[in-house]
Amino acid sequence: MGTRPWLAAVFLLPALVLLGALVVYPIVYSVYRSFFDASGNGFVGLDNYQEMFSDDATKTAIKNNVIWLILAPTVSTALGLIFAVLTERVRWATAFKLVVFMPMAISMLAAGIIFRLVYEQDPDKGVANAMWVSVHDSFSESPPFPGAHPRPTAGLTEASNGSFTTKDAVRAGTPTSLPLVAAKRGDISGAQDAKAAKAEPGKITGTVWFDFTRGGGGEQGTIDKGEKAMADLKIEAVKDGKVVARTKSAADGTYTLPAKAEGAQLRLPAWNFSEPYNGVDWLGPSLVTPAVIGAYVWIWAGFAMVLIAAGLAGVPRELMEAARMDGANEWQVFRRITVPMLAPVLSVVVVTLMINVMKIFDLVYIIAPGPSQDDANVLALQLFQSSFGTDVNQGLGSAIAVLLLLLVLPVMFINIRRIRRESRR
């Protein structure tokens, strides 16, 4: 039976038409359009390419794409390899693989929204900062009364660093009251009622309290009924510029300093009133790119794990057992047998992720807030902004598209050569 080229052409024609309409024509038109100005009427030659490489936004995009190209595929593949190897040794491997792979079922849009909430600055909303602040506060004391301060008539002066110092020196046997206001209701709602300190011979005593009576009334500078104590407030005795004694207010607001504080001035350090640690600005200019890469790794580490696990299933166990019999430890088996045997699979994963990373757009667009979006800029996002943003220049956008194509092509050629080599085996 002879060959029928026309029959093959009939079957290939629909695919060729779609390929030409959706791939070839857009590429050719983008190259053509990149030589014209924003209106599309004036021929500008290579001006768009010159502008692209002189534009700060495009330079930032290229730099960030390089960071993405190095970090995202490497970290995703490394995590996938670790997960694939470790899950071979646990009973619940299938459930673990399902959990790790599950993010692949979530769209980039949904994943971006999820991580925008995860990276929220407020620890009460953002999971990342909630965990970070919890760890920080486990090792560091939090200020007791953020925003509180004395009344102007309380006899304390404010220093440039935010601390407050008594104008007069304190004397033993004479209690020194330290009334404060502007404390947050939540910080004192469960506090004890303030107690007037008793005079003690040879000691400096006093009370720190919230000088405010609910519903109005009361006398300023006097502990009225129902006014709350301010506990755990740091108090320092300062003499000739040096701290000679320190203490903290008790649960009832009272404090006691030793006799060596005689003649010193009392100082309330600024730490007492500073804002509590609020976590890391994950989406700030310096961390926004690593933060978005973290979201990408969360999604694609499962993809890497599944492919590597499939390759791992084909690794001869006899080689591993022989190495162990010869005295190799698990690290040596992993480094000298497992990884080399998985090299073809690892190259597939890395190359696939590199191609995917070059086109990253949606995660950056959704996660990075407006003030930090320029710092998180990537080529695909810059292409979109140049072509469809507020300052539209589709000539420049087409030039960026051509650059993106040229950057992706080498990776694609490497992948094609690898596939051809494997097909010859």
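**Exercise 1.** Is Leu 16 buried or exposed?

*Solution.* The model is predicted. Start with the location: Leu 16 lies in helix α1, residues 5–33. Next, take its relative accessibility, 52%. The cut-off for exposed is over 50%. Leu 16 therefore counts as exposed.

**Exercise 2.** Find which nonpolar surface patch includes Leu 16, and give its accessible area.

*Solution.* List the members. The leucines are Leu 12, Leu 16, Leu 18, Leu 19 and Leu 22. The valines are Val 23, Val 24, Val 28 and Val 31. Ile 27 completes the patch. Together these residues have about 880 Å² of accessible area.

**Exercise 3.** Work out the strand order of the open sheet, and explain why β2 and β7 each have a side without a neighbour.

*Solution.* Write the order down: β2-β3-β9-β6-β7, 5 strands with antiparallel pairing. Now look at the edges. β2 (156–158) and β7 (242–248) stand there, each with a single partner strand, so one side of each has no neighbour in the sheet. Add the geometry: from one strand to the next, the twist averages 30 degrees. As background, strands of a sheet pair through backbone hydrogen bonds.

**Exercise 4.** Describe how β6 pairs with β7.

*Solution.* Strand β6 covers residues 234–239. Its pairing with β7 is antiparallel and runs over 6 bridges. For a residue-level check, Ala 237 stands opposite Ala 245 in β7.

**Exercise 5.** Characterise the stretch that UniProt annotates at residues 62–415.

*Solution.* Read the record first: the unreviewed UniProt entry gives "domain: ABC transmembrane type-1" there. Then take the composition: residues 62–415 are 47% helix and 12% strand. Finally, the end C-alpha atoms of this stretch are 22 Å apart.

How values were computed: Residues numbered from 1 in each chain as written. Predicted model: local features only at pLDDT ≥ 70, side-chain atom pairs only at ≥ 80, totals over all residues. Heavy atoms only, no water. Patch = residues over 30% accessible without salt bridge, like charges linked within 9 Å, V, L, I, M, F, W, Y side chains within 5 Å. Areas by Shrake-Rupley, 256 points an atom, 1.4 Å probe, with all protein chains shown as cover. Salt bridge = Lys/Arg side-chain N within 4 Å of Asp/Glu carboxyl O. Helix = DSSP H or I, 4+ residues; strand = E, 2+ residues; numbered from the N terminus. Buried < 20%, exposed > 50% of the residue type's maximum accessible area, 1.4 Å probe, protein only. Pairing = 2+ DSSP bridges. Axes fitted to C-alpha atoms, helices over the stretch in contact; angles between N-to-C directions. UniProt positions renumbered as here; feature names shortened; annotations may be inferred.
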